[in-house]
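Thanks for making time this morning. I would like to walk you through one model, going from single residues out to the sheet and then to the helices, so please have the viewer open.

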Amino acid sequence: MNVVQIGIIEDNPDYLASLVGVLKTRDTLSISTWNSAEAFDSNPPKEELQLLILDIGLPGANGIDVLKKYHTVEVRKSLVISSLQTDDVIFAAIKLGASGYIWKSELDSLWDTIQTILEGGSVISPSIATKVLLAFRKPETNSSLGSHPKKEKELGLEVLSPRERQILELIIEGDTPHQIAQLFGTTIGTVRQQIKTIYRKLQVNTRVQMLKKARIFGIF
């Protein structure tokens, strides 16, 4: 029996346990886990992985940083599982070689997704596929952004870190600092400090100003 080597990088311990719980129902899988990009770098897998599953909004170095290094070997496969919905992050992950990008809420179809990728296919959530199609319908916009990094910063697409964008999206959806802290497995104080950082980076003082600035910047 061939054992498939699966690696997971996820900093939320509860969600990581859910992922492992889903995958452990398959006796043909060998699962290795890390809680950060730094841990993955310092303690790499002992055997070559058939698939690396990772979150984008990791603390410290983020998932995009991991993909840049990981896909220096062309045959490697990766699957992003995230709640981060900003276009620039999604496109960056796909351009860097990710074979799939799905939402964290889609655990029910995780095994089917993995099988598709292992067989050489790709899987993208329908809402993400819509973003990709819309991007192809506006080639002049994307080509200008892709070729001018400074322009991206001017538009605000790189103002926030992936985790900060994720928090901003949750705020937009109506989540409270307490709910966000529970989701990320951190403290309310940490979330409030991250929200203050978002205010400072966007140069705003109120929640309404923050949402207006985020929309202008194209963050949501």
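Let me begin with Leu29, which sits in strand 2, residues 29-34, where helices (H or I, at least four residues) and strands (E, at least two) are DSSP runs numbered from the N terminus. This is a predicted model, in which local features need pLDDT of at least 70 and side-chain atom pairs count only at pLDDT 80 or more, while totals for chains, interfaces and linings use all residues. Residues are numbered from 1 along each chain as its sequence is written, and side-chain values use heavy atoms, with hydrogens and water left out.

Leu29 has a relative accessible area of 11% and is therefore buried, a label that means under 20% relative accessible area, with exposed meaning over 50% and partly exposed in between, for a 1.4 Å probe and protein chains only. If we set aside residues up to four places away in sequence, Leu29 touches Val3, Val4, Ile6, Leu23 and Trp111, contact being defined as heavy atoms within 4.5 Å. For Val3, the C-alpha to C-alpha distance to Leu29 is 5.5 Å, although the two are 26 residues apart in sequence.

From there we can step across to strand 1, residues 4-9, where Gln5 is found. Gln5 has a relative accessible area of 12%, so Gln5 is buried as well. Its side chain makes a polar contact with the side chain of Ser30, at 3.4 Å; by polar contact I mean a pair of N or O atoms within 3.5 Å, where within protein one must be able to donate a hydrogen and the other to accept it, and where residues adjacent in sequence count only if both atoms are side-chain atoms. Apart from residues up to four places away in sequence, Gln5 touches Ser30, Glu47, Glu48, Leu49, Gln50 and Leu51.

Gly7 also belongs to strand 1, and Gly7 is buried with a relative accessible area of 0%. Which residue in strand 3 is the bridge partner of Gly7? That partner is Leu52, and Leu52 in turn has Ser78 as its bridge partner in strand 4. The C-alpha atoms of Gly7 and Ser78 are separated by 9.2 Å, with their positions 71 residues apart along the chain.

Now the sheet as a whole. Six strands form an open sheet in the order 2-1-3-4-5-6, and the pairing is parallel, where two strands pair if DSSP finds at least two bridges between them. At the edges are strand 2 and strand 6, 123-124, each of which pairs on one side only. Strand 1 is joined to strand 2 by six bridges and to strand 3 by four, whereas three bridges join strand 3 to strand 4, residues 78-82. In strand 3, residues 51-54, Leu51 and Ile53 point one way and Leu52 and Leu54 the other way, and all are buried. In a regular strand the side chains alternate between the two faces of the sheet.

Let me turn to the helices, and to one packing in particular. Helix 9, residues 162-172, packs with helix 11, residues 188-202, at an angle of about 100 degrees, with their axes 10 Å apart; axes are lines fitted to C-alpha atoms, for helices over the stretch in contact, and angles run from 0 to 180 degrees between N-to-C directions. That makes helix 9 roughly perpendicular to helix 11, on a scale where angles under 35 degrees count as roughly parallel, over 145 as roughly antiparallel, 65 to 115 as roughly perpendicular and the rest as oblique. Helix 9 contributes Arg163, Glu164, Ile167, Leu168 and Ile171 to the contact, and helix 11 contributes Gln194, Ile195, Thr197, Ile198, Lys201 and Leu202. Helix 9 is mostly covered, with 10 of its 11 residues buried.

Finally, a backbone detail in the loop between helix 11 and helix 12, 207-217, where Gln203 lies. Phi of Gln203 is near 60 degrees, a positive value in a residue other than glycine. Most residues other than glycine have a negative phi. Gln203 counts as exposed, because its relative accessibility is 69%.
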